[in-house]
Amino acid sequence: MLEQVPFAIVLLLVAVAGLRIWQYHWRQGAVIVAAALLVAAIFRGVLPGVRAGLLAVRGRPVDVLTYSGLAVLLLFLAFTITNGPFGS
């Protein structure tokens, strides 16, 4: 049960991001999702596979690189899109 705590923390961050997006703060929501991905990458990089729970999808290097890469891409998109989907 405790091995799913890191995954639950990441899901909680994604839920907060969803709330911010629902409140028409899409840029803040995207940044929070990117932060959740970075937290997932840190957890996956630091914790052993058994303790990483559902964050362990493939090998450790692949997971860390994938989570980090998606976070960087999302941050890039969040900070470079002007006049986004909700006009902010």
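1. In this predicted model, the side chains of Asp63 and Arg44 form a salt bridge, with an N to O distance of 2.7 Å. The pair joins distant parts of the chain, since Asp63 belongs to helix α4 and Arg44 to helix α2, with their positions 19 residues apart in sequence. Side chains of opposite charge can pair when their charged atoms come close. The count of salt bridges in the model comes to one.

2. Both partners of this salt bridge, Asp63 and Arg44, are buried. For Asp63 the relative accessible area is 4%; a residue counts as buried under 20%, so Asp63 falls within that class. When residues up to four places away in sequence are set aside, Asp63 touches Arg44, Leu55, Ala56, Val57 and Arg58.

3. Val57, one of the residues touched by Asp63, is placed in the loop between α3 (49-52) and α4. Val57 is exposed, with a relative accessible area of 59%, whereas Asp63 is buried. Leaving aside neighbours within four places in sequence, the contacts of Val57 are with Asp63 and Tyr67. With respect to the other member of the salt bridge, Val57 and Arg44 are 13 residues apart in sequence, and their C-alpha atoms are 9.5 Å apart in space.

4. Helix α4 covers residues 60-80, which is 21 residues. At 1.5 Å a residue this helix should span 30 Å, and because its end C-alpha atoms are 30 Å apart, the expected and computed values agree. The buried residues of α4 are Asp63, Tyr67, Ala71 and Ala78. Viewed down the axis of α4, these buried residues fall within an arc of 55°, and therefore they line one face of the helix.

5. Against what do the buried residues of α4 pack? Their partner is α2 (26-46). The salt bridge also links these two helices, through Asp63 in α4 and Arg44 in α2. On the face of α4 turned away from its buried side are the exposed residues Pro61, Leu65, Val72 and Phe76.

6. A nonpolar surface patch of about 450 Å² is made by Leu70, Leu73, Phe76, Leu77 and Ile81. Phe76 is also among the exposed residues on the face of α4 turned away from the buried side. Leu73, another member of the patch, lies in helix α4. Its relative accessible area is 45%, and Leu73 is accordingly classed as partly exposed.

7. As regards the chain as a whole, the secondary structure comes to four helices and zero strands. From the N terminus on, the order of elements is α-α-α-α. Taken along the principal axes, the C-alpha atoms fill a box of roughly 45 × 25 × 15 Å.

8. Two further totals describe burial and surface. Of the 88 residues of the chain, 24% count as buried. The accessible surface comes to about 5700 Å², and carbon and sulfur atoms account for 77% of that surface.

9. The last point concerns contacts along the sequence. Among contacts between residues at least 6 apart in sequence, 57% join residues at least 24 apart. The Asp63 and Arg44 pair, at 19 residues apart, links distant parts of the chain.

Conventions:
Residues numbered from 1 in each chain as written. Predicted model: local features only at pLDDT ≥ 70, side-chain atom pairs only at ≥ 80, totals over all residues. Heavy atoms only, no water. Expected span 1.5 Å × (residues − 1). Buried < 20%, exposed > 50% of the residue type's maximum accessible area, 1.4 Å probe, protein only. Arc of directions from axis to C-beta. Contact = heavy atoms within 4.5 Å. Patch = residues over 30% accessible without salt bridge, like charges linked within 9 Å, V, L, I, M, F, W, Y side chains within 5 Å. Areas by Shrake-Rupley, 256 points an atom, 1.4 Å probe, with all protein chains shown as cover. Salt bridge = Lys/Arg side-chain N within 4 Å of Asp/Glu carboxyl O.
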